[in-house]
Amino acid sequence: AAENGIDAWLRYAALPCDVRKSASVPARIVALNGTQTSPVYTAGQELHKGIQGILHKDLPVTNTSVNGSSITIGTVNAFASTGHVLPELDLTGDGFWLSIKNDSVQIAGQNERGALYGTFQYLSMLAQGNFTEVTYESNPSAPIRWVNQWDNMDDTGTHGSIERGYAGPSIFFAEGLIVEDLTRVSQYARLMASIGLNGIIVNNVNANVNLLNSTNMAGLGRIADAMRPWGVRMGISLNFDSPRTLGKLTTADPLDQGVIEWWDDIATKLHGHVPDFAGVLVKANSESQPGPLTYNRTLADGANLFARAIKPHGDAIVMFRAFVYDNTINETNWKADRANAAVDFFRDLDGKFDDNVIVQIKYGPIDFQVREPVSPLFAHLEQTGTVIELQVTQEYLGQQCHLVYLPPLWKTILNFDMKVDGQPSLVRDIVSGERFNQKLAGYAAVVNVGTDKSWLGSHLAMSNFYAYGRLAWNPTSDDVAILEDWTRLTFGSDRTIIDTITKMSMESWPAHENYTGNLGIQSLTDITGPHYGPKPQSQDGNGWGQWTRADAKSIGMDRTVWNGTGYSGQYPPEVASMFENIESTPDDLLLWFHHVPYTQQLKSGKTVIQHFYDAHYDGAAVAQTFPEQWKAVKGLVDAERYDEVAFRLEYQAGHALVWRDAINDFYFNMSSIKDEQGRVGNH
Ligand code: GCW
């Protein structure tokens with residue numbers, strides 16, 4: 001698909017002729033202190049390219065300052081050492097200062113990365129036809145702003161498949177090796193840099209040990225080289241069992257001296273190939289992955305093993321995933337609950353991790369569902385840095401065949417107040433490191449781009465990737481404003497295009513929730529299979545623990561302390577008591593926390609079952625409007641992208657009907673309760 005997708009929101013499409021003619025930009029670009037692989041050098045080149053595209057002007061790029069009208073890019077230090085006077089600045093991390101005046105633009109980064117981010121910000125304004133004079137500083141909300149790829153190496157099977165990837169094979173791997181041509185990898189890094197993302201884990205958390213063989217270590221060096229000019233640091237996922245399976249040791253026990261030395265050696269070699277190695281991501285004792293519990297050691301022992309191995313080599317970190325749970329639990333036990341697992345496993349480990357370990361926590365306690373409460377683990381780790389794991393790839397949410405704009409979901413999570421110790425404790429302030437005073441904290445998102453030229457397999461899905469970076473930089477940014485920026489950059493500034501995409505996108509998550517799983521019952525997709533399409537019957541009767549406990553009379557998980565799994569008690573007291581009581585539990589999470597009859601009345605006045613029926617009709621009806629809404633932009637966007645989007649929206653409209661009828665029929669058959677409007681069961 002789409003040549004037109006490869007540049008995503010970095011198209012630098014020409015502005016209309018009259019705007020171009022009246023636009024004034026300085027006469028040259030000065031990129032201070034830029035060696036060829038440095039982000040400041042990259043910034044100068046990118047700016048040159050952008051201005052050429054947007055304004056049809058060919059500005060010279062130099063690396064020494066000259067008098068006269070120029071755009072100067074550099075670190076704060078480089079500005080100072082070349083005699084530029086900057087105001088008193090309060091920059092942190094990868095922050096930047098941007099000053100746009102008619103004949104002089106100054107872009108100063110706290111570090112080189114910051115200078116590149118400021119340059120992309122300036123370019124974003126130009127590309128949107130915004131020539132206002134501004135002066136401001138901008139700092140990231142958190143130091144860690146990473147993406148995770150779940151790319152397989154596939155040394156035995158097909159070419160570089162991606163777990164839960166919906167856009168073709170890997171851009172990194174094929175046939176057990178790192179691909180030769182890394183053009184797409186550096187293009188990916190460019191997209192990341194343009195939205196302030198500074199790190200990447202390139203391989204699947206279900207990690208293949210062969211990534212650590214000597215050929216592949218050298219390959220990792222090449223990946224890091226391709227991404228470094230964009231300020232993106234590379235890290236990898238590790239398989240806990242590698243000392244046994246690759247190293248041929250008899251154990252992978254984290255306290256065994258031989259194991260410790262084996263990992264020390266790996267870390268030294270990795271550092272040799274990748275001097276600015278970002279860190280490692282570890283999925284241990286989860287979904288059949290090996291881990292320290294196998295050796296009767298704690299998860300902290302496991303994390304610290306890696307922390308100590310990488311410690312001597314720069315500032316690399318261990319991201320240890322909190323997604324640890326038993327997938328063989330038994331539904332006949334009323335108190336069994338997968339949602340309890342993370343807090344059960346990690347609560348007592350706070351304070352036991354080395355200072356270069358961060359715990360990476362999925363936003364909800366289960367798994368990227370259409371509606372989940374915030375993971376209570378965020379309230380328990382006060383002495384440990386935490387990172388929130390989001391998912392751009394739409395694993396449970398239509399796999400990019402459905403338009404679902406995710407920032408409203410993410411913001412619901414990020415704005416949630418945990419009220420730890422009775423103090424305001426917004427999730428976004430916990431993951432910025434502010435609430436518990438953590439130096440290392442932030443964001444990770446599973447993105448799973450593939451070789452498809454649209455990156456995610458769908459043009460509209462790219463708004464989620466763009467918005468992820470923008471929100472990680474500043475989680476208080478407005479989700480509509482982000483979307484409008486993205487739309488202008490991707491499709492142009494025509495008001496009809498902006499209004500159409502905004503309306504559809506903002507309707508999309510509520511619609512998706514309506515035609516899939518309501519009231520906190522989860523996505524109701526095929527959870528033992530591909531996580532796609534309706535399959536409510538797959539939720540129960542298996543060890544995965546994504547249960548609904550639906551029977552002829554009632555539905556929902558009783559997660560109360562008084563009568564259920566006790567999960568609600570994992571939250572700080574004020575939040576716990578809100579969820580413990582049906583009266584104070586919001587409707588949209590009712591069935592997450594309570595097991596109730598289908599006839600239970602909601603705050604809206606409807607019964608649970610009637611809400612299911614109505615919501616499915618409402619949600620599917622909204623999806624029916626998408627193809628119609630999109631027609632408004634015909635002729636305003638290029639035919640190629642118009643058709644590709646139209647195709648997917650048409651499909652979504654049809655699939656939403658399939659969802660509606662499958663779910664409604666299922667619960668009608670289960671409960672035998674008629675739809676008040678006589679629609680369900682009559683087709
Ligand atoms: O959501 C589940 C996915 C698995 C994934 C796992 C995880 C990479 O279905 O495919 O494995 O989560 O996050 O580790």
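**Sheets, barrel and domain contacts in a predicted model**

In strand 6, Y136 is the bridge partner of L98. I begin with this pair because strand 6 (135-138) stands at an edge of its sheet, with a single partner strand. That partner is strand 4 (residues 96-101), and the two pair in the antiparallel sense over four bridges. I should say at once that the model is a predicted one.

The sheet itself is open and has six strands, in the order 2-1-3-5-4-6, with mixed pairing. Strand 2 (61-62) stands at the other edge; strand 2 and strand 6 each have a single partner strand, so one side of each is left without a neighbour in the sheet. Two helices deserve mention here. Helix 2 (residues 39-55) lies across strand 1 (28-31), strand 2 and strand 3 (70-75), and runs at about 165 degrees to strand 1. Helix 4 (residues 112-127) also packs on the sheet, where it touches strand 3, strand 4 and strand 5 (104-109), and its direction makes about 140 degrees with that of strand 5.

I turn now to the barrel. Eight strands close it in the order 7-10-11-12-13-14-15-16, and their pairing is parallel. On average, and with direction ignored, neighbouring strands of this sheet are turned by 25 degrees against each other. As one example of the pairing, strand 14 (residues 357-362) and strand 15 (residues 385-391) run parallel and are joined by five bridges. K362 has E389 in strand 15 as its bridge partner.

Next, the ligand. Which residues surround the ligand? They are W150, E163, R164, N204, V205, N206, K283, F323, D367, F368 and E395. By class, this shell comprises five charged, four nonpolar and two polar residues.

Finally, the domains. The assignment for the protein chain gives domain 1 (3-138), domain 2 (144-487) and domain 3 (492-557 + 595-683). The centres of domain 2 and domain 3, taken over C-alpha atoms, are separated by 29 Å. Between these two domains, 31 residues of domain 2 are in contact with 35 residues of domain 3. On the domain 2 side, helix 11 (407-414) and helix 14 (479-491) each supply at least two residues. Which helix gives the most to that side? Helix 14 does, with four residues. The residues on the side of domain 2 that touches domain 3 divide into 15 nonpolar, 10 polar and six charged.

Methods. Residues are numbered from 1 along each chain as its sequence is written. This is a predicted model: local features need pLDDT of at least 70, side-chain atom pairs count only at pLDDT 80 or more; totals for chains, interfaces and linings use all residues. Domain bounds come from an automatic or database domain assignment. Two residues are in contact if their C-beta atoms, placed from the backbone, lie within 7 Å. Ala, Val, Leu, Ile, Met, Phe, Trp, Tyr, Cys and Pro count as nonpolar, Asp, Glu, Lys and Arg as charged, and the others, Gly among them, as polar. A residue is near a molecule or strand if its C-beta atom, placed from the backbone, lies within 6 Å of it. Two strands pair if DSSP finds at least two bridges between them. Axes are lines fitted to C-alpha atoms, for helices over the stretch in contact, and angles run from 0 to 180 degrees between N-to-C directions.
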